[in-house]
Each structure stands twice: as C-alpha cells, then as structure tokens.
Amino acid sequence: MKNKIRTFLTSQGMISFIASVASIAIGLIFGYILLVCFNSGQAFNGLGKILFAGASSAEKFSKVLYQAAPLMLTGLSVGFAFRTGLFNIGASGQYTMGTFFALYAGLVLKCPWWAALLAAMLGGAIWGAVPGFCKALFNVNEVITSIMFNWIGMFLVNLLMANIPAMLAPNADRTANLAAANKSGIIPKWGLDTLFGSDYINISIFITILVALIIYLILNKTTFGYELKACGFNRNASIYAGINAKRNIVLSMVIAGALSGLGGGIYYLSGTAQYTIVKSLLAMGFNGIPVALLATSNPIGIIFSSIFVSYIQVGGEAMQPEFAKEIIDIIISVIIYLSAFALLLKGVIRKILSMRKAKQGEGVSQ
Amino acid sequence: MSDYIVEMLNITKIFPGIKANDDITLQLKKGEVHALLGENGAGKSTLMSVLFGLYQPDGGSIRINGEDVKINNPNDANALNIGMVHQHFMLVEVFSVLDNIILGVEPNSAGVLKRAEARTKIVELSKKYGLSIEPDALIEDVSVGMQQRVEILKMLYRDNEILIFDEPTAVLTPQEIKELMQIMKGLTAEGKSILFITHKLNEIMEVADRCTVLRKGKCIGTVNVADTTVEELSRMMVGRDVQLVIDKKEMAPGKTVLKAEHITVPSRLHKNNAVKDITFDVRAGEIVCLAGIEGNGQSELIYAMTGIEKMSRGKLTLNGTDISKASIRSRSKSGISHIPEDRHKYGLILDYSLADNLVLQRYWEPEFQNRGFIRKAKVRKYAEKLIGQYDVRSGQGADTMVRSMSGGNQQKAIIAREIDKDPELLIAIQPTRGLDIGAIEYIHSQLIAQRDSGKAVLLVSLELDEVMNVSDRILVMYEGEIVGEFKPSEIAVEQLGLYMAGAKRDARKGLSDNEGGEGNT
C-alpha cells in the first residue's frame with residue numbers, strides 16, 4: 001500500500017501537479033510579503049480577498065469564468081506552439097486581430113455570434129501565419145517577428161477602427177455597443193445569467209473547455225499531433241522521418257493564431273466588453289504565457305491554470321480601495337510569475353524524491 | 001614509498017537502483033600505461049569520476065603515493081597532480097590554443113596576464129613530448145587531433161603526474177590514433193603515469209602495460225598485457241566468448257539495386273562541393289562499404305541519397321526507378337532504410353517513448369492510424385514485437401523514454417525499426433560508433449543477415465576492422481571523391497589506411513568501365 005502511494009506520488013503527472021501547487025503557494029507567500037510592505041494593517045485582509053473573493057459569490061465567480069475563457073485560449077495558443085518547439089509571443093497581436101475580425105463581423109456585417117467567432121479565428125490565424133511562414137521559409141526567429149506583429153496588429157486595428165464609423169461608439173474611442181447594433185452577435189447565455197445573477201456569464205467557458213479538449217486530442221491521439229510534437233522535440237529527426245517540418249511550423253502557428261484570435265472574439269462578443277483604442281498591447285495575450293507555463297503546456301492543465309489566474313485577478317480587483325490598482329497588478333504579476341516556477345520546482349521535487357528513494361535503497365541493502 | 005602512485009582500494013559507489021562500482025580495486029604503477037577496460041555501463045567512468053573528485057565513494061579508500069587522501073572535488077584532484085582528458089573536450093572554442101591551456105592557472109603579475117611566459121613554457125612542453133600545436137590558432141579552427149593535444153598539454157602545463165584518458169581514440173582518425181599511442185609512450189618514458197579508459201582491445205595490446213577489466217560494476221581482474229591475448233581480454237570484458245572475426249559465407253551479388261551516377265553535393269561549410277561527381281552502384285546480396293576519415297563527404301553523400309540534402313547534379317536510381325528528386329518519405333517508401341550516423345540528432349526523438357520511436361518511419365501507415373488517429377494499441381503491440389525480436393532492453397518496455405536508454409539499446413531500437421521495414425537498400429552510417437563489443441557483434445551480424453537475405457547494404461565506416469571484416473566491396477572516399485575500390489581480400493589494412501588518409505589514389509577501373517558501357521548503348 002505504502003509503495004502504491006509512493007509510485008502514485010512519483011508519477012509524472014503527480015510531480016507536475018505538486019510542483020504547480022507548490023509554486024502557487026510560494027507566489028502567494030511572496031505576494032503576502034509585498035502586501036505587508038505596502039500596507040501592513042490591511043495585508044491579511046488583502047490576502048484573504050485575493051484568495052477568497054473569486055468564490056465569495058456567484059456573481060464574482062461568473063466574472064472569474066468570464067475572464068478565464070479568453071485566457072484559456074491564449075494559454076492554449078502559447079502552449080500549442082510550445083509543443084511544436086515554437087515560442088508564440090505574438091498571442092497579443094493575434095488576439096487583437098481576432099477582436100477586430102469578430103467585431104467587424106458583428107457590428108458591420110451583422111453576422112450571428114458563431115460566424116463572428118469563426119471570423120475571429122481567421123483573423124488570428126492570418127496573424128499567426130506570417131511569423132510561421134517567415135520561420136519556415138527564411139528561418140527568421142518567430143519570437144522577433146511575432147513581437148513586431150503584436151505592435152503592427154495593434155496599430156493596424158486602431159487605425160482601421162478609427163476609420164470605420166460603424167464600429168465606434170459615438171464621440172468615444174471605444175467600440176460601439178454590440179447589443180444595440182446586432183443582438184444576434186452576442187454569445188448566448190442559455191439562462192446562465194439568471195442562474196448566476198450576473199451579466200458576465202455566457203457559454204464561452206464551455207466553448208473554450210471544448211477547444212482545450214480538442215487540442216488535447218490533436219496533440220496526443222492523432223498522427224498530426226505526433227508529427228507536430230516530433231518537430232518540437234527534434235526537428236532533425238522529424239525531417240529524417242520524412243515529416244514536412246516546414247509545413248508543420250506554418251500549421252502550428254496558424255492554429256496557435258486561430259486560438260488567440262478566438263480568444264479575442266470570445267471576450268468582445270460577450271456584449272459586456274468594449275475594445276478601447278489605446279496605444280498599448282493587450283495583456284490578455286501575454287498572460288497566456290504564464291498560463292501555459294503553469295500547466296507545462298498541457299491542454300487539460302491549461303483549463304485549470306487559466307481559471308486560477310483569472311481567479312487571482314478577480315480577487316485582486318476586490319482589494320480596492322485599500323490597495324492601489326497598480327500595487328494589485330504588481331502583486332498579481334509576482335504571484336503569476338512565481339507560479340511559473342513550476343518547471344524549476346519539478347526538477348527539485350524529482351531530485352528530492354530520488355534522493356529519498358536512494359537512501360531507502362541503501363537501508364534495504366544494508 | 002609505495003610501488004603504486006595511485007591505489008583505489010575496494011571502491012564502492014551506489015546510485016539509486018544500481019551498484020555502479022562494487023568493491024573495485026585499481027592500482028596504478030608509476031610510469032605505466034594502465035588500461036581500464038569494460039563495456040558501456042561497466043562502471044569505468046564512475047570509477048574515474050571518483051578518482052577525479054566528481055563523486056564520493058560509498059566505500060573504500062584512495063591512496064596517492066601510499067598516503068590516504070580524500071578527494072572532494074576536481075580542485076583536490078588537481079592539487080594531487082591528477083589530470084583528465086575528457087571524452088568530450090573541455091575547451092573554449094573561440095579562445096586560442098594558448099589561452100585554453102593556461103585557462104584557470106593564468107600566470108600574471110598584479111592581474112596583468114603574462115602570456116609570453118606561458119608561451120615559453122608551452123612551447124618547451126610541446127617540444128619535449130612531441131605534441132605539435134599552433135599556440136595562436138583558435139580551437140574551433142584546429143583539428144580534433146590537435147584539440148586533444150591541447151587537452152594533454154593542459155595537464156602537462158599543470159605539472160600533472162597522473163593522466164587519465166577517457167576513451168581518447170573515439171574521435172580520432174587511424175593516423176591520429178597512431179600518433180596518440182606514440183605520445184602516450186613518450187609521456188610514460190618521462191615518468192608520467194597513465195590511466196587509459198577504452199573498450200578497444202587493439203589499442204590496449206599496443207600501448208598498455210597492464211589492464212584492469214570491469215564488468216557490470218565488478219572488478220574481473222588485472223592482467224599483464226604481455227601475458228594475455230585479445231580473445232582473453234574480450235572474454236573477461238563480455239563474460240562469454242566473442243566472435244572477433246565474423247563468419248561470413250561467400251555470396252554472388254545479384255541485380256543492381258542502387259545506381260548512383262555523377263552525384264555532386266555542395267558543402268554547407270565551404271564553397272567547394274562536399275561530394276564531387278561520384279558514381280557507384282550497390283547490388284543485391286552485397287555489402288558495399290564507403291570507407292573514409294570523417295568529413296570527406298560521406299555524410300553529405302548519404303544525406304543526398306536519403307533526400308535530407310539536395311544534390312546539385314547527378315542521378316539516383318533505385319531498382320530502375322529514378323528517385324533523384326523524390327521526397328524523403330517517398331524514398332523511404334520505395335525501400336531505402338537509413339541508420340543515421342548521429343542517433344540523437346537524427347535517429348531518435350529522445351523525449352518520445354520507445355514505442356513511438358519504433359513507428360517513426362511508419363506511423364502514417366493504415367496499420368497504425370485510422371483517419372488521422374493513431375492506433376495506440378497496434379503501435380504498442382508492434383513495438384513489443386520488435387522489442388522481443390531484437391532484444392531491445394529498457395526500464396519500462398515500450399513506454400520507456402528513449403532518453404533514459406543506454407546507447408547500445410538506442411541503436412538496437414533504430415536497427416530494429418529500419419530492418420523491420422524490410423528495405424531493398426539498407427544504408428548504415430557508422431552504426432557501431434561508441435558501442436561496446438557485444439553490441440558491435442550484434443549489429444555486424446544483423447548487417448550480414450540482411451545481405452544474406454538478398455538485400456543491398458551500404459555501410460559507411462571509418463573503423464578499419466569493420467571495413468575489412470564486414471564488407472564485400474570497399475570504396476574509399478577522400479575529399480569528396482572515390483579514390484579506390486577493392487575487395488577486402490585484395491588489400492592490406494595499412495594500404496587501406498594510406499588511401500583513407502589521401503596518400504594514395506587510383507584512377508578507378510570500375511568507373512571507366514561503366515562509362516564505356518554507357519557509351520556503347
């Protein structure tokens with residue numbers, strides 16, 4: 001029995017899980033120290049809010065799910081590319097492009113929500129394809145091209161929106177109200193809003209979980225996934241095996257882009273969010289990186305890590321006004337950042353376990 | 001004063017799940033070359049790492065010059081005048097030879113480097129021991145042989161008395177190996193003591209005074225090399241009789257399977273062609289060996305044949321079909337199997353399971369997939385069949401991560417995969433590199449079995465023994481050209497070495513005959 005527990009504890013998945021939980025704990029401790037530094041009187045209260053606000057009411061929890069859905073998709077985008085050996089840092093640009101395509105389809109073309117979501121995927125896919133092609137054909141580092149495409153995408157979208165009057169709210173630099181312009185463009189709620197008592201909730205979380213499962217299937221059960229991962233682990237060996245590595249690089253970036261783009265669509269077709277023309281990149285794309293890291297790029301893990309990150313963010317918002325918004329951002333980033341130490345901790349845990357095993361082995365042999 | 005300069009007494013070292021060294025005693029006399037012989041995984045490297053302070057033994061003691069010592073880290077080893085040439089050189093590629101030698105012990109006054117002083121000492125040492133080097137050349141620009149001499153000079157510069165050579169000949173050409181043997185003899189003549197780790201028996205016979213044999217972590221014994229034979233040593237190492245000479249029956253080659261005409265491949269490293277207008281053929285039931293020292297275009301030629309590299313000119317015909325422009329996959333489908341030279345870089349996906357690696361060339365076949373979904377159960381069953389049939393050993397069977405397998409078993413997995421494809425032409429590049437004698441014997445027998453079943457085999461090798469024993473026909477490559485073609489029975493090993501080194505070349509008979517034949521048709 002004891003042995004059974006030990007083999008369970010030392011199994012790959014379990015080590016990953018323990019590492020993730022441990023790094024989250026470290027992140028929270030560090031966050032608490034920061035809270036004490038900024039406002040010692042309210043520190044304990046603040047930590048309580050980070051930890052429990054997200055689950056304090058159905059309304060708050062619906063906010064958690066509402067933000068988790070797009071985060072899950074950018075996380076899947078980064079994680080999927082990772083599995084193919086590509087670092088998709090361009091999720092933000094793909095997300096912005098997806099947003100534009102979705103809103104254009106919804107506000108201007110008056111498409112139903114599902115068609116607008118498909119448009120969002122198309123927009124993101126195009127924005128992912130370019131770095132993919134550059135990498136496959138000219139061996140240009142995808143990190144550099146996708147960073148540049150973040151900025152190009154953001155400014156292009158701002159420029160286009162500013163010149164399409166139908167997309168903007170009157171006399172404002174944010175997009176028009178989707179509900180007023182095209183009711184069918186809003187993602188349905190299926191009565192969840194009355195159940196949770198919140199406008200934020202809709203079926204997007206189910207869509208994204210379904211997408212995560214599909215990505216899991218593609219990566220682990222199909223020949224396509226076999227090829228993609230082969231390219232990621234060892235490009236030379238996959239070429240040797242006759243796998244078209246260049247095609248796979250492009251496809252991988254296209255799919256990653258489509259996932260990010262879908263994230264943009266999911267968020268802005270909710271009817272509760274409006275895109276604002278600002279000169280900074282959307283954080284949702286970058287937050288996909290820690291979400292993917294925290295889950296070691298495992299699609300099923302990303303479902304949970306994105307909900308966790310969203311949960312912490314909602315908790316952070318609840319800390320106002322005792323803490324300034326900027327301080328909350330710092331603390332959340334510290335927690336997320338340290339949470340991404342999961343990989344590092346994984347090695348440490350494995351080492352400790354094997355050392356203990358070795359000691360026990362000696363005990364037996366003596 | 002003791003007879004022995006180093007004594008490792010009853011050393012035991014335990015790793016999780018394995019006793020790497022079990023009560024091993026090794027005594028090195030002053031001024032001798034002492035060989036440490038054993039298969040991969042026998043515990044040689046562990047033992048040397050204990051001596052060098054990289055591991056702490058769980059039992060036993062170490063004496064240097066008769067005094068008990070404790071070696072906690074490589075610095076302690078250095079202080080005791082122990083030096084080591086690692087199998088993979090520890091050199092800074094972009095530093096000069098001189099800077100690499102003095103690295104870590106730079107002579108200086110108040111922080112200012114005194115290179116001139118160092119240079120004098122290094123030049124003196126290199127003359128004394130016959131180690132020719134170019135002090136100002138960058139490491140990345142000099143030959144592997146010179147890099148090794150730099151490693152040796154590093155030890156001498158530090159006045160090391162005890163020199164450990166960890167499989168030093170694995171990366172050298174036959175000529176360089178000969179030089180190294182001379183250098184080792186010179187070093188012992190000057191009073192240095194050498195520990196020589198190897199699994200090549202001929203080298204031990206040539207240079208070593210005594211030899212300690214390890215097997216599976218245990219010490220089998222220490223023998224005087226003068227009183228022993230290659231056969232006895234191999235028996236001690238493997239634990240059973242090993243066939244050193246391969247039993248091979250005569251075969252009459254059949255129809256031409258592969259025809260390569262005027263193959264020209266540009267080099268990735270320089271502007272010249274790596275392969276220059278090569279023409280040859282391989283027939284059914286024949287092992288053709290491309291012999292040559294590394295870097296003479298063999299790899300590029302094979303890559304061009306398998307489709308990994310593009311040829312700028314030439315024509316490849318497999319069983320009458322032109323495959324010059326075919327993709328890698330379609331060449332593989334039409335019957336070419338390829339055992340690549342670098343099993344980690346090309347042959348395997350180390351982070352995939354053994355089962356996934358065994359279907360690397362066939363996962364797309366209907367047997368293993370259904371509408372794009374991999375049939376895991378079929379893959380597993382197939383993998384288990386191959387594992388049994390080719391005796392691939394691993395910790396967790398088909399689920400083992402290939403990264404955790406030993407080199408010999410990784411190679412067996414590749415061979416199982418490539419041979420089970422039932423190819424028309426089997427291409428093997430240095431299939432025995434870095435493997436121990438048991439695994440080599442196995443791989444040779446597999447190659448010959450392929451030949452006997454009427455397949456064409458193209459073997460690329462730089463091991464003279466392998467070239468002479470396994471092949472039916474030898475093509476010697478030098479600087480991208482074929483400089484000689486022989487039957488193994490027609491040529492002596494020494495002659496072959498000269499061809500490989502570029503000191504001799506023939507105008508090829510076979511080539512002109514072929515061309516004449518073509519002219520007539």
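In chain B, the C-alpha centres of domain 1 and domain 3 are separated by 38 Å, where the domain bounds come from an automatic or database domain assignment. That assignment gives chain B a domain 1 (4–238), a domain 2 (245–335 + 423–521) and a domain 3 (350–421). The model is predicted, so that local features need pLDDT of at least 70 and side-chain atom pairs count only at pLDDT 80 or more, while totals for chains, interfaces and linings use all residues. Residues are numbered from 1 along each chain as its sequence is written, and chains are lettered from A, with ligands numbered from 1, in the order in which they are written.

**Domains of chain A**

For chain A the assignment gives domain 1 (1–56 + 322–366) and domain 2 (58–317), and their C-alpha centres lie 28 Å apart. The contact between them takes 19 residues from domain 1 and 14 residues from domain 2 of chain A, two residues being in contact if their C-beta atoms, placed from the backbone, lie within 7 Å. On the side of domain 1 that touches domain 2, α2 (12–38), α3 (43–52), α16 (325–339) and α17 (342–365) of chain A each supply at least two residues; helices (H or I, at least four residues) and strands (E, at least two) are DSSP runs, numbered from the N terminus. The most is given by α16(A), with 7 residues. By class, this side of domain 1 of chain A has 13 nonpolar, 5 polar and 1 charged residues, where Ala, Val, Leu, Ile, Met, Phe, Trp, Tyr, Cys and Pro count as nonpolar, Asp, Glu, Lys and Arg as charged, and the others, Gly among them, as polar.

**Contact between the chains**

Between the two chains, 25 residues of chain B are in contact with 19 residues of chain A. The side of chain B that touches chain A draws at least two residues from each of α10 (328–333), α11 (343–347) and β20 (373–374) of chain B, and it has 15 nonpolar, 7 polar and 3 charged residues.

**Two helices**

Helix α14 (residues 283–294) of chain A has 12 residues, which at 1.5 Å a residue should span 16 Å, and its end C-alpha atoms are 17 Å apart, which agrees; the expected span is 1.5 Å times one less than the number of residues. Because 10 of its 12 residues are buried, α14(A) is largely enclosed by the rest of the structure, and among the buried residues are A:Met284, A:Asn287 and A:Pro290. A residue is buried if 20 or more other C-beta atoms lie within 10 Å of its own, exposed if 12 or fewer, and partly exposed in between, with C-beta atoms placed from the backbone.

In helix α8 (residues 230–238) of chain B, the residues B:Leu233, B:Ser234 and B:Met237 are buried. They cover an arc of only 95° around the axis, which puts them on the same side of α8(B), the arc being that of the directions from the helix axis to the C-beta atoms. The buried residues of α8(B) pack against β3 (33–37), α7 (201–207), β11 (210–215) and α15 (437–452) of chain B.

**Positive phi and exposure**

The table lists residues with a positive phi.

| Residue | Phi | Place |
|---|---|---|
| A:Thr296 | near 40° | follows α14(A) |
| B:Gly239 | about 90° | just after α8(B) |
| B:Asn65 | near 50° | not a glycine |
| B:Glu167 | about 40° | not a glycine |

B:Asn65 lies in the loop between β4 (59–64) and β5 (67–69) of chain B and counts as partly exposed, with 16 C-beta neighbours inside 10 Å. B:Glu167, in the loop between β9 (162–166) and α6 (174–189) of chain B, is partly exposed, with 18 other C-beta atoms within 10 Å.
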